[in-house]
Amino acid sequence: DGDAENSETQVWLEYAFRCKYLLEEDYKKLQVESEEVGKLINYMILNPGKFGVKTEE
């Protein structure tokens, strides 16, 4: 769910930028931060055991 929500956030950031609700500088900063969040979420998805999720071995 978190991965999908982060992807949706990126869409809304682009929408806000294109509608001129965000300055380009702010858009780029938020986009980079959202991409970093996406990397962290992806790491969690690929390594669930490190985050308390029991996995079958």
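What follows is a walk through this structure, from its helix packing to its salt bridges and aromatic pairs. Keep in mind that this is a predicted model.

Let's start with the two helices. Helix α1 covers residues 2-18 and helix α2 covers residues 24-46. They pack against each other at an angle of about 170°, and their axes are 10 Å apart. Angles over 145 degrees count as roughly antiparallel, so α1 is roughly antiparallel to α2. On the α1 side, the contact is made by G2, D3, N6, Q10, L13, E14 and F17. On the α2 side, the residues are E24, Y27, L30, Q31, S34, E35, V37, G38, I41 and I45. Sort the residues of this contact by character and you get 7 nonpolar, 6 polar and 4 charged.

A good spot to look at within that contact is Q31, which sits in helix α2. Its relative accessible area is 14%, and because anything under 20% counts as buried, Q31 is buried. Which residues does Q31 touch once its neighbours within four places in sequence are left aside? They are Q10 and L13, and both of these belong to the α1 side of the helix contact.

Now move to N42, another residue of helix α2. The C-alpha atoms of N42 and G2 are separated by 9.6 Å, although the two residues are 40 residues apart along the chain. With a relative accessible area of 40%, N42 is partly exposed. G2 is one of the α1 residues that make the contact with α2.

Between the two helices there is a loop, and K20 is found in it. What is notable about the backbone of K20? K20 is not a glycine, yet it has a positive phi of about 65°. K20 is also exposed, with a relative accessible area of 73%.

On to the charged side chains. Side chains of opposite charge can pair when their charged atoms come close. How many salt bridges are there? The count comes to 3. Take R18 and E14: their closest N and O atoms are 2.8 Å apart, and they form a salt bridge. Both are in helix α1, and because they are 4 residues apart there, about one helical turn separates them. R18 counts as exposed at 63% relative accessibility, while E14 is partly exposed at 32%. E14 also turns up among the α1 residues of the helix contact.

Helix α2 has salt bridges too. K28 pairs with E24, with 3.1 Å between the closest N and O atoms. These two residues are 4 residues apart in α2, about one turn of the helix. Both are partly exposed: K28 has a relative accessible area of 48%, and E24 has 42%. Like E14, E24 is listed in the contact between the helices. In another salt bridge, the side chains of K29 and E33 meet at 3.0 Å, N to O. K29 and E33 lie 4 residues apart in helix α2, so about one helical turn separates them. E33 is partly exposed, with a relative accessible area of 39%.

That leaves the rings. The count of aromatic pairs comes to 3. One of them is W12 with Y15, an edge-to-face pair with 5.3 Å centre to centre and 80° between the planes. Both residues lie in helix α1, 3 residues apart, which is about one turn of the helix. Y15 is partly exposed, with a relative accessible area of 46%.

Another pair, F17 with Y27, is stacked, with 4.6 Å centre to centre and 10° between the planes. Where do these two partners sit? F17 is in helix α1 and Y27 is in helix α2, so the pair ties together parts that are 10 residues apart in sequence. F17 is partly exposed at a relative accessible area of 27%, whereas Y27 counts as buried at 15% relative accessibility. Both rings belong to residues of the helix contact, F17 from α1 and Y27 from α2. So if you want one place to zoom in on, try F17 and Y27, because their stacked pair links the two helices.

Note on methods: Residues are numbered from 1 along each chain as its sequence is written. This is a predicted model: local features need pLDDT of at least 70, side-chain atom pairs count only at pLDDT 80 or more; totals for chains, interfaces and linings use all residues. Side-chain values use heavy atoms; hydrogens and water are left out. Axes are lines fitted to C-alpha atoms, for helices over the stretch in contact, and angles run from 0 to 180 degrees between N-to-C directions. Angles under 35 degrees count as roughly parallel, over 145 as roughly antiparallel, 65 to 115 as roughly perpendicular and the rest as oblique. Contact means heavy atoms within 4.5 Å. Ala, Val, Leu, Ile, Met, Phe, Trp, Tyr, Cys and Pro count as nonpolar, Asp, Glu, Lys and Arg as charged, and the others, Gly among them, as polar. A salt bridge is a side-chain nitrogen of Lys or Arg within 4 Å of a carboxyl oxygen of Asp or Glu. Buried means under 20% relative accessible area, exposed over 50%, partly exposed in between (1.4 Å probe, protein chains only). Rings of Phe, Tyr and Trp (its six-membered ring) pair if their centres lie within 6.5 Å; planes under 30 degrees apart count as stacked, over 60 as edge-to-face and the rest as tilted.
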